[in-house]
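Student: Could we go through this protein together? I should like to begin with the overall fold and then turn to the surface.

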Amino acid sequence: MARVNGTRQVVLGFLTWKPMSGYDIKGFVERSVSNFWSESYGQIYPTLKALVAEGLAAKQPASAKGERLRQVYSITPKGREAFRKWIQDPVNPAPSRNELLLKLFFARQVGGEIALGQVLVFKEQLLQLSQHYEVISAQFARELGDQPDLPYWRLTLEYGRLEAEAHLAWCDKAIAALRKIERSKSRAGQRGRKK
């Protein structure tokens, strides 16, 4: 299956809501999907230009907002159809790249204490992320109760929450295993000194 340019789909998806500038789209990305997707201005603006060239988006007349001239884009019927088709296509599994796991794989080179430190830092990051998800959940309930997209947004939030929970459980097992490795190395070192 061909790889899909995710930036195109994000931009088209946000344009299904309303006409937006690249700046608006970046803001919506940061306030909504940034827990599982990121986009930069360097990705968004060239994508908008390409979507216009393909007839999937249209550039609206520039409007002044304060001192700046804003270029706003809207989705075309062709773009809306392309976006709907993409949503219906099967998902391409993303290749996993996890620096922590790569470092653990080679951790014997530096010792278990350093590996343990890496896992402890990761666990702390996960605890902070879990708290962040709780804040988002409360915000959903407080501010977005009548939003028709809310049930779908809650599903993405629940995915993140459960993924963090699973990673926290793995951290506890990894911490116990790394401590056990260090204890056995320490005992072996003590036996070696006694001989």
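Tutor: We shall take the fold, the dimensions and the surface patches in turn, bearing in mind that this is a predicted model.

Student: How many helices and strands does the protein have?

Tutor: There are seven helices and four strands. Along the sequence they follow the pattern α-α-α-β-β-β-β-α-α-α-α.

Student: Is the protein a compact globule, or more spread out?

Tutor: The protein is more spread out than a compact globule, because its radius of gyration is 23 Å, well over the 16 Å that the globule rule gives for 195 residues. The C-alpha trace spans about 85 × 40 × 40 Å along the principal axes.

Student: And what percentage of the residues is buried?

Tutor: Buried residues account for 29% of the 195 residues.

Student: Turning to the surface, which residues form the positive patch?

Tutor: That patch consists of R179, K180, R183 and R187.

Student: Where is R187?

Tutor: R187 lies in helix 7, which covers residues 150-194.

Student: Why can R187 count towards a surface patch?

Tutor: R187 is partly exposed, with a relative accessible area of 43%. A patch residue needs over 30%, so R187 passes that cut-off.

Student: What about a nonpolar patch; which residues form it?

Tutor: Y23, Y41 and Y45 form a nonpolar patch on the surface, and together they have about 310 Å² of accessible area.

Student: In which helix is Y23?

Tutor: Y23 belongs to helix 2, residues 22-33.

Definitions and conventions:
Residues numbered from 1 in each chain as written. Predicted model: local features only at pLDDT ≥ 70, side-chain atom pairs only at ≥ 80, totals over all residues. Heavy atoms only, no water. Patch = residues over 30% accessible without salt bridge, like charges linked within 9 Å, V, L, I, M, F, W, Y side chains within 5 Å. Areas by Shrake-Rupley, 256 points an atom, 1.4 Å probe, with all protein chains shown as cover. Salt bridge = Lys/Arg side-chain N within 4 Å of Asp/Glu carboxyl O. Lys, Arg positive; Asp, Glu negative; His and termini not counted. Charge placed at Lys NZ, Arg CZ, Asp CG, Glu CD. Helix = DSSP H or I, 4+ residues; strand = E, 2+ residues; numbered from the N terminus. Buried < 20%, exposed > 50% of the residue type's maximum accessible area, 1.4 Å probe, protein only. Rg over C-alpha atoms; globule rule 2.2 N^0.38 Å.
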